[in-house]
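Here is a short note to read alongside the model. Keep the sequence and the 3D view open, and find each residue as it comes up.

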Amino acid sequence: MPATTVHLGFGLLVAAALLPRERFDRALLAAFAAALIFPDLDSIPGWWLPGAHRAMFHTLVLVGLVAAVLFYDTRIRERSWLRERVGPRAVTVAWGLLATHLLAHLFLDWSHLSGINLFYPLADQFYTLEGKLVYSTADGWIQTFVEFGTGADGGIDVGQQGSTDDIHVPTPTDPSPGSGVDRNVERIAPIAVGGWQLYLLLLGLFTVGARRLQGDPPNGTETE
């Protein structure tokens, strides 16, 4: 699976894209790092709740709840608690954090191994984004991300993998079911598994480093 460091590298790219005029100070970078690390904390409840990892904090239900609260506070209420307590900049940062959580962590995990439990706890089913979309001069367009009549019950197959009773995604804190507190179990903390993961990590660090080194244009000049 993508290491947390890979999520961090991807998240830094998303942060640079979503907040082009923000100063990438340490506090802002720490907030984005926390948003990226948070979903993987559901591996700790996995010690006593099988299948919790990639389900409890990797669900779109949680994203929807946070988005609803944020929208209500910043768009519907007459006086926004977030604006008054932190300032107008916090609204942009909050939406950026939520988007980074979704794009740089959840959707990236969706495409690896057993995927994520998209609608947990409303529906206990892991999904993985797996397939291909190609154009063949012989067969035309071919896509296998959504297949009809190939599911377990002959229905639609959109990458269903099983429930929390069937799926366990190993992590350093919970490498195998029931081994969370066993000190004799080998625990591997991946940094980059494959060249593309190392490249993505380094690219994210380079992008944010470049953004921090960029200064404001001199007075009276315009950028093209």
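**Notes on the predicted model**

1. Let's begin with the whole chain. Of its 224 residues, 37% count as buried. Please keep in mind that this is a predicted model. The protein chain exposes about 13600 Å², and carbon and sulfur atoms supply 61% of that area.

2. Next, the layout. The chain holds six helices and six strands. Following the sequence, you meet them in the order α-α-α-α-α-β-β-β-β-β-β-α. Now look at contacts between residues at least 6 apart in sequence: 60% of them join residues at least 24 apart.

3. Now for the inside. Nonpolar side chains tend to be buried together in soluble globular proteins. In this model, the largest nonpolar core has seven residues: Val63, Leu98, Leu102, Leu106, Ile116, Leu118 and Tyr127. Which helix gives the most to this core? It is helix α5 (residues 89-110), with three residues. A second, separate core has six residues, among them Ala15, Leu28, Ala35 and Val93.

4. Pick out Ile116, one of the residues of the largest core. Not counting residues up to four places away in sequence, Ile116 touches Arg54, His58, Leu106, Asp109, Trp110, Gln125, Phe126 and Tyr127.

5. Move along to Asn117, in the loop between α5 and β1 (126-127). Is Asn117 buried or exposed? Its relative accessibility is 0%, so Asn117 counts as buried, the cut-off being under 20%. Leaving aside neighbours within four places in sequence, Asn117 is in contact with Arg54, Ala55, His58, Thr59, Ala123, Asp124, Gln125, Phe126 and Thr164.

6. Lys132 is another loop residue to find, between β1 and β2 (133-136). With a relative accessible area of 43%, Lys132 is partly exposed. Lys132 and Thr144 are twelve residues apart in sequence, while their C-alpha atoms are 5.4 Å apart in space. Beyond its neighbours within four places in sequence, Lys132 is in contact with Ile142, Gln143, Thr144 and Phe145.

7. Finally, turn to the surface. Leu129, Leu133, Tyr135, Trp141, Phe145, Val146, Phe148, Ile156 and Val158 form a nonpolar patch there, with about 940 Å² of accessible area together. Phe148, one of these patch residues, is found in strand β4 (residues 147-148). Phe148 has a relative accessible area of 62%, which is over 50%, so Phe148 is exposed. Phe145 is also worth a second look: Phe145 belongs to this patch and is among the contacts of Lys132.

Key
Residues are numbered from 1 along each chain as its sequence is written. This is a predicted model: local features need pLDDT of at least 70, side-chain atom pairs count only at pLDDT 80 or more; totals for chains, interfaces and linings use all residues. Side-chain values use heavy atoms; hydrogens and water are left out. Patches are made of residues with over 30% relative accessible area and no salt bridge: like charges are joined within 9 Å, nonpolar side chains (Val, Leu, Ile, Met, Phe, Trp, Tyr) within 5 Å. Accessible areas come from the Shrake-Rupley method with a 1.4 Å probe; for residues, only the protein chains shown count as cover. A salt bridge is a side-chain nitrogen of Lys or Arg within 4 Å of a carboxyl oxygen of Asp or Glu. Helices (H or I, at least four residues) and strands (E, at least two) are DSSP runs, numbered from the N terminus. Buried means under 20% relative accessible area, exposed over 50%, partly exposed in between (1.4 Å probe, protein chains only). A nonpolar core is a set of buried Ala, Val, Leu, Ile, Met, Phe, Trp, Tyr and Cys residues joined through side-chain atoms within 4.5 Å. Contact means heavy atoms within 4.5 Å.
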